[in-house]
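Q: Please take a close look at the loops of this protein for me. I would like to know what sits in them, and then how they fit into the wider picture.

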Amino acid sequence: MPSVYVSCRLPEPIPAELARSFDVTAHPGDLPPTREELLAGSAGRDGLLVTPLERIDAELLDAAGPRLRVVANHAVGYDNVDVAAATARGVVVANTPGVLTRATAELTLTLVLDLLRRVTEGDRFLRRRGPWIWSPVFMLGSGLDGKTLGIVGLGRIGRAVAQLGEAFGMRVVYASPRPQQAPWKRLELAELLARADVVSLHCPLTPETRHLVDAQALAAMRPSAVLVNTTRGPVVDEAALVDALRAGTIAGAALDVYEREPEVHPGLLELEQVVLSPHLGSATVETRVAMGRLCVEALEAVLLDGRCPANALDPAAWRAAP
Ligand code: GLV
């Protein structure tokens, strides 16, 4: 059986499904492998199943060696993978698009509602066990109906968030490097930032989008607006965000991802107008099983069936394979 290294724990029944087709070595425990463990664990394998926490670069691909044919990245985002380096070595990389769209969009709307209706803030308040009483002016938030939702990056997840926002009565605008077939108005980013009540980030992390939301972008937002990030932490300059929240440049933020994960900027932890979740975008049982299955399918396609996986990031790698 082909030999596969798995860097993470996976939900049932994925481990059993992998074991049916492959000789699996799984990294033990709940913490990700160190770089050294990853390099050693990958050596001599035919396939790897990894997460966004592992950097798959030329060094790793060389350490894995010439038998390596496929890397299944257990995520839709693949900023952790040097796809060109993999293609140059005839290694096919596949990701897990589609199956996590809905879960991530739902989490995004959860964060928006939580932030604007002050649910987690109210929870913290009650747990402090101070006195309180209902009143017509107690802990007022704001509703979604009629508000403008600015989607930055109109891929699958951005579209799903736009549709859910519309279901709550929001007006949707979007910014994207290229015009898209979509029923919503496309704006330049600067205009979107100036207009939106909720700015929600859905662009991938690339050299162009690193710190896309910096001090200048935050200054362009409305003082009553909020920022939501469920894509990748480094799209936001976290220190600039803390400054903007402290100064009242924007009204609040809801974050699922962090610039230096798993670290969270200490300034964010102190602010009431911030909702934080620990990278839960795709974290439903159904979605994680579906993501695991796509990884199994990608490994099987290359190592058992001799075909290019449906979610290959660069099918040229398949053609270049020795
Ligand atoms: C998770 O962060 C993903 O990219 O799927």
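A: Let's start with proline 13, which is placed in the loop between strand 1 (3-6) and helix 1 (14-21). Everything here is read from a predicted model, so please take the values as computed ones. The peptide bond that leads into proline 13 from glutamate 12 is cis, and its omega is near 5 degrees.

A second cis bond turns up further along the chain, where glutamate 261 is joined to proline 262 with omega at about 5 degrees. Proline 262 is also a loop residue, found between strand 11 (252-255) and helix 11 (266-269).

Another loop worth your time is the one between helix 5 and helix 6, because it is the place of arginine 118. Arginine 118 is not a glycine, yet its phi is positive, at about 60 degrees.

Arginine 118 also brings us to the inside of the protein, since Arg118 is one of the residues that line the largest cavity. Its companions there are Asp114, Leu115, Glu121, Arg124, Glu272, Gln273, Val274 and Val275. Helix 5 (101-117), helix 6 and strand 12 (274-276) are the elements that each give two or more residues to this lining. By character, the lining splits into 5 charged, 3 nonpolar and 1 polar residue. The cavity itself has a volume of about 30 Å³, and the count of cavities of 30 Å³ or more comes to 1.

Moving on past helix 6, you come to tryptophan 132, in the loop between helix 6 (119-127) and strand 6 (148-152). Together with Leu126 and Trp134, Trp132 forms a nonpolar patch on the surface, and the three share about 420 Å² of accessible area.

There is an open space to visit as well: the second largest pocket holds about 230 Å³. Its lining is made of 16 residues, and those lying nearest the centre are Leu116, Ser142, Ser224, Val226 and Ala251. Nonpolar and polar residues number 6 and 6 in that lining, and 4 are charged.

One more loop deserves a stop, this time for a charge pair. Aspartate 57 makes a salt bridge with arginine 35, with 2.7 Å between the closest N and O atoms. Aspartate 57 sits in the loop between strand 3 (47-50) and helix 3 (58-64), while arginine 35 belongs to helix 2 (residues 35-42), so the pair ties together parts that lie 22 residues apart in sequence. Across the model, the count of salt bridges comes to 18.

Finally, let's step back to the frame that these loops connect. The protein chain has 13 helices and 12 strands. Its radius of gyration is 21 Å, close to the 20 Å that the globule rule gives for 322 residues, so the chain is as compact as a globular protein of that length. Taken along the principal axes, the C-alpha atoms fill a box of roughly 65 × 45 × 30 Å.

Methods: Residues are numbered from 1 along each chain as its sequence is written. This is a predicted model: local features need pLDDT of at least 70, side-chain atom pairs count only at pLDDT 80 or more; totals for chains, interfaces and linings use all residues. Side-chain values use heavy atoms; hydrogens and water are left out. On a 1 Å grid over the protein atoms alone, a cavity is a set of points where a 1.4 Å probe fits but cannot get out, and a pocket is an open set with protein on both sides within 12 Å along at least five of seven lines; lining residues have an atom within 4 Å of a point. Grid points are joined across faces, edges and corners, and a volume is the space filled by probe spheres set on the points. Ala, Val, Leu, Ile, Met, Phe, Trp, Tyr, Cys and Pro count as nonpolar, Asp, Glu, Lys and Arg as charged, and the others, Gly among them, as polar. Patches are made of residues with over 30% relative accessible area and no salt bridge: like charges are joined within 9 Å, nonpolar side chains (Val, Leu, Ile, Met, Phe, Trp, Tyr) within 5 Å. Accessible areas come from the Shrake-Rupley method with a 1.4 Å probe; for residues, only the protein chains shown count as cover. A salt bridge is a side-chain nitrogen of Lys or Arg within 4 Å of a carboxyl oxygen of Asp or Glu. Helices (H or I, at least four residues) and strands (E, at least two) are DSSP runs, numbered from the N terminus. The radius of gyration is taken over C-alpha atoms; the globule rule is 2.2 Å times the number of residues to the power 0.38.
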